[in-house]
Amino acid sequence: MVDAAVLEKLEAGFKKLESSDSKSLLKKYLTRDVFDKLKNLKTPTFGSTLLDCIQSGIENLDSGVGIYAPDAEAYSVFSELFDPIIEDYHKGFKKSDSHPPKEWGDVETFGNLDPTGEFIISTRVRCGRSMEGYPFNPCLTEGQYKEMEDKVSSTLTCLTDELKGTYYPLTGMSKETQQKLIDDHFLFKEGDRFLQAANACRFWPTGRGIYHNDNKTFLVWCNEEDHLRLISMQMGGDLGQVYRRLVSAVNEIEKKVPFSHHDRLGFLTFCPTNLGTTVRASVHIKVPKLAANKEKLEEVAARYNLQVRGTRGEHTEAEGGVYDISNKRRMGLTEFQAVKEMNDGIAEIIKIEKEL
């Protein structure tokens, strides 16, 4: 049973949410009926409660989603709340749907989307992973953070060839190293208020770190929001190179670090917006003519399930006609298909820009 203090916080939080004008998916789907069904439940291994899932959304009423999974089992135990939120966010990935098995496809398919270098400034493909046998941030102990970092750093420092590089722990990091990583835009800061409220930043900076290869084209974040964020990137439009590098890195790391996977939901991470393939393939692209005709740009993007953002991330404006455009769908399709949507959409956007 869930203890009285937690139940009291849950009731107060529910009332606060119910009477607010929050637009979050949490508010939309956490009805009194669902709340009453779930408020006394706990996950079997780590004892996570409904409060662990919704505390960020209760505290930050301006959240878009408002819910996190404290451990992998939460997706099953609290499925009555997670499932409709997942379906809404992932555009119709229903309770009866199953995410397909991992499939990177023929990695030779993709090439350079912009050989003349006129439009694409940079290309990146990233994915999130969680280590099997460990909960997500809110339930991790300080000891587990350290243990995970040891496993990750020893695995990464064994990488060879193009992936060979250095692991930099945040603990005890020198000011020079810190500045160098900030200048390269590699360093992540302690979590934002949404993560803070979800209890995702405890014991900071213990167990956190950054790895990058010698060419600075492959990057791993350890224990920022997810256990692992794997990022492959470079200047220009050679999606093929970027994709192949990520695939070989993920395959290598997976040999030593098993990842949390769910038969129906695919790869599991802390935030339900990032399940399934967890793959986000994006370009920073300069399309001045389409930028002047934003409607046309949005229309092409929608046709290929792409998301158009400013280069500083969500809810930002494009600077100098430069946009960050990425695949929107992460669930219900394979890794290869997710990247192909971005590939085909960007090819079409470049074609239209040239014709205007």
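T278 sits in the loop that links β7 (266–267) to β8. In this predicted model, T278 is buried, because its relative accessible area is 0%, and buried means under 20%. What does T278 touch, leaving aside its neighbours within four places in sequence? Its contacts are R126, C127, G128, R129, F267, T269 and R330. Some of these take us straight to the sheet, since β1 covers residues 120–129.

Let us look at that sheet as a whole. Eight strands form an open sheet with antiparallel pairing, and reading across it you meet β2, β3, β4, β5, β1, β8, β10 and β9 in that order. The edges belong to β2 (165–169) and β9 (306–310); each has a single partner strand, so one side of each is left without a neighbour in the sheet. From one strand to the next, the twist averages 20°.

At the β9 edge, you can follow the pairing residue by residue. β9 and β10 (residues 322–327) are joined by five bridges in the antiparallel sense, and G310 has Y323 of β10 as its bridge partner. Helix α13 (residues 335–355) packs on the sheet here, touching β9 and β10 as well as β1 and β8 (280–286), and its direction makes about 15° with that of β8. Another helix, α10 (residues 239–256), lies across β1, β4 (218–222) and β5 (228–235), running at about 155° to β5.

Helix α13 also has a helix for company. The axis of α12 (residues 294–303) comes within 9 Å of the α13 axis, and the two cross at roughly 150°. That angle is over 145 degrees, which makes α12 roughly antiparallel to α13. The crossing is right-handed. On the α12 side the contact is made by K296, L297, V300 and R303, and on the α13 side by E348, I349 and I352.

Now for the interior. Nonpolar side chains tend to be buried together in soluble globular proteins. Here the largest nonpolar core has 54 residues, and the members that touch the most others are F218, I285, I325, I346 and I349. Helix α10 gives the most to this core, with eight residues. I346 is a good place to zoom in: not counting residues up to four places away in sequence, I346 touches L113, I120, V283, I285, L306 and I325. Apart from this core lies another, of 39 residues, including I58, Y68, I86 and A200.

Definitions and conventions
Residues numbered from 1 in each chain as written. Predicted model: local features only at pLDDT ≥ 70, side-chain atom pairs only at ≥ 80, totals over all residues. Heavy atoms only, no water. Pairing = 2+ DSSP bridges. Helix = DSSP H or I, 4+ residues; strand = E, 2+ residues; numbered from the N terminus. Axes fitted to C-alpha atoms, helices over the stretch in contact; angles between N-to-C directions. Contact = heavy atoms within 4.5 Å. Core = buried A, V, L, I, M, F, W, Y, C linked by side-chain atoms within 4.5 Å. Buried < 20%, exposed > 50% of the residue type's maximum accessible area, 1.4 Å probe, protein only. Parallel < 35°, antiparallel > 145°, perpendicular 65-115°, else oblique. Left-handed = near helix turned anticlockwise from the far one by under 90°.
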